[in-house]
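I sat down with this one to go through its strands, helices, ring pairs and charge pairs. Here is what I looked up, entry by entry.

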Amino acid sequence: MTAASVLELIKEKNIEWVDFRFVDLSGKAHHVTLPASEVEEETFVNGVAFDGSSIPGFRGIEESDMVMMPDTESTFVDPFTAHPTLNVMCNIYTPDGDRYDRDPRSIAQKAEEYLKTTGIGTAAFFAPESEFFIFDDVRFESGMNKSYYEVDSEEAVWNTGRKEEGGNLAFKVRQKGGYVPVAPTDSQQDIRSEMCRLLIESGLRIERHHHEVATAGQAEINFRFDTLTKTADNLLKYKYIVQNTARQWGKIATFMPKPLFGDNGSGMHVHQSIFNGDSPLFYEKGAYANLSDLALYYIGGILHHAPALIALTNPSTNSFKRLVPGYEAPVNLVFSKGNRSASVRIPVAAVTPKGCRIEFRTPDSTANPYLAFAAMLLAGLDGIQNKIDPRKLGYGPLDKNIYELAPEELKEIRSVPGSLDEALDALEADSEFLTKSGVFSQDFIDNYVEFKRGEAKSVAIRVHPHEYSLYFDC
């Protein structure tokens, strides 16, 4: 789509406002809105100025001026605004016209460009399965003298005795009992369908939606794969529409990995593959899980660099409340066909050559998708370039239920880092696979680690409510 065609769309849809958006280091979207009458072809050449010093992790106040450069391929009409508004994703540039090396979206685009220069393939495709919870009420506070959170859902297992419904309506979702039940146990069919309707209108191809395993409204909506940057754009659109639809229905949607103790958390399993033109490169009929050697090397790169990768794919302290050994969490760094207890799974049901792919199950939706997808691609490419064979490094295949292995067998399996600080240590020790291509700069890595260590410290020094249960009477 050209700038001229965007302007034509503005006239056709009677657009009143144009919303220019970018993402920060954490993957959160920000926006500046212009009257449609002020948007001209030159806007797409000169960009839109903003203050970068007010965005955490970006620039200092002494060099705050930055420019959003609109991407005309990323437009969609906002389904929530009272005044017709067109949303446009942007890349970030310096006033001198250079790409800003801390801009996550530009990093994703550079990763796609790098893939083409390797001669390995022409496009990488990604499809995230981003789970979320829909709550009815959320309250939290963290202060000097008190700290608490409380969430509630009308379908939660803890509400079997609640009377406020005008007579309890029962059919609550049992703990770990929420996987695809029908109504009335699944009380959120209509809200998910409404989310899907709006996602389809915004340009996403929806494949399915369903209730997920946890009680209290855990859900999943799957949308069609696309190339790396487009999929990251689509994931931001997905989260925006899910959260705002929930708000319209008087509810709250969260992609936080572990909002509840004692039930399943929300992951973001990421399916990925590489094509050369129209030819899929991960498929070889008759091989293990029909995987080519190139695909196995890609898996080898993912698993070899996983401890460092996780600093980008699971970048919150809450991520490691989900990644706990001994529970149904993808903490074991092995691969397997169809085995959901492995961190890398190869789907084998109803898969065509073009549908042949690998699924990295460890990530969650606190990840900035531009950074996470780019890092996964670079790890996989490093595996291909260096022929990192996961079979020779003890990464599988392991077609057993890992949770039922004997302790001596488990000792042989490498696990993910146990905390955000450990993952950041791993990233500092193993970042060359990200920087050697120029996709990530060393300045970006250093700034990112410092930024995330600040988050980790802010949690570590605070008193946890459960510590009162453990230690107050000591």
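**Surface patch**

I started on the outside and found a nonpolar surface patch of about 610 Å², made by Val138, Phe140, Tyr149, Ile252 and Phe261. Patch members have over 30% relative accessible area and no salt bridge; nonpolar side chains (Val, Leu, Ile, Met, Phe, Trp, Tyr) are joined within 5 Å, like charges within 9 Å. The areas are Shrake-Rupley values with a 1.4 Å probe, and for residues only the protein chains shown count as cover.

A note on what I am looking at: the model is predicted, so local features need pLDDT of at least 70 and side-chain atom pairs count only at pLDDT 80 or more, while totals for chains, interfaces and linings use all residues. Residues are numbered from 1 along each chain as its sequence is written, and side-chain values use heavy atoms, with hydrogens and water left out.

I then looked up Val138 itself, which lies in strand β8 (residues 137-142). Val138 has a relative accessible area of 33%, so I noted it as partly exposed (buried is under 20%, exposed over 50%, partly exposed in between; 1.4 Å probe, protein chains only). Strands here are DSSP runs of E with at least two residues, helices are runs of H or I with at least four, and both are numbered from the N terminus.

**Strands β3 and β4**

Next I checked the two faces of β3 (residues 48-51). Val48 and Phe50 sit on the covered face, Ala49 and Asp51 on the uncovered one. In a regular strand the side chains alternate between the two faces of the sheet.

Which strand does β3 run antiparallel to? I found β4 (residues 65-70), joined to β3 by four bridges; strands pair if DSSP finds at least two bridges between them. Across from Ala49 I found Val67 of β4.

**Helices α3 and α7**

I checked the length of α3 (residues 104-118). At 1.5 Å a residue its 15 residues should span 21 Å, and the end C-alpha atoms are 21 Å apart, which agrees; the expected span is 1.5 Å times one less than the number of residues. The buried residues of α3 include Ile107, Ala108, Tyr114 and Leu115. After α3 comes Gly119, with a positive phi near 80°.

How many residues of α7 (residues 306-313) are buried? I got eight of eight, so I wrote the helix down as mostly covered. Ala311 is one of these buried residues. The C-alpha atom of Ala311 is 8.5 Å from that of Glu422, though the two are 111 residues apart along the chain. Glu422 is found in helix α11 (residues 420-429) and is partly exposed, with a relative accessible area of 44%.

**Ring pairs**

My search of the whole structure turned up 17 aromatic pairs (rings of Phe, Tyr and Trp, the last by its six-membered ring, with centres within 6.5 Å; planes under 30 degrees apart are stacked, over 60 edge-to-face, the rest tilted). I looked at Phe22 and Phe58: ring centres 6.3 Å apart and planes at 35°, so the pair is tilted. Phe22 lies in strand β1 (residues 17-23) and Phe58 in the loop between β3 and β4, so the pair ties together parts that are 36 residues apart in sequence. Phe22 and Phe58 are both buried.

I also pulled up Phe132 and Tyr238, an edge-to-face pair at 6.3 Å centre to centre and 75° between the planes. This pair links Phe132 in strand β7 (residues 123-135) to Tyr238 in helix α5 (residues 228-248), 106 residues apart. Both Phe132 and Tyr238 are buried. One cluster caught my eye: ring pairs link Phe22, Phe50, Phe58 and Tyr100.

**Salt bridges**

Side chains of opposite charge can pair when their charged atoms come close. I counted 24 salt bridges in the whole structure, each a side-chain nitrogen of Lys or Arg within 4 Å of a carboxyl oxygen of Asp or Glu.

Arg105 and Asp71 meet at 2.8 Å, N to O. Arg105 lies in helix α3 and Asp71 in the loop between β4 and β5 (76-77), so this pair ties together parts that are 34 residues apart in sequence. Are Arg105 and Asp71 buried or exposed? Both came out buried.

Glu141 and Lys146 form a salt bridge at 3.6 Å, N to O. Glu141 is partly exposed at 32% relative accessible area, and Lys146 is partly exposed at 41%.

For Arg192 and Asp186 I noted 2.7 Å between the closest N and O atoms, with both residues buried. Last, I found Asp421, Asp425, Glu428 and Arg453 joined into one network by salt bridges that share partners.
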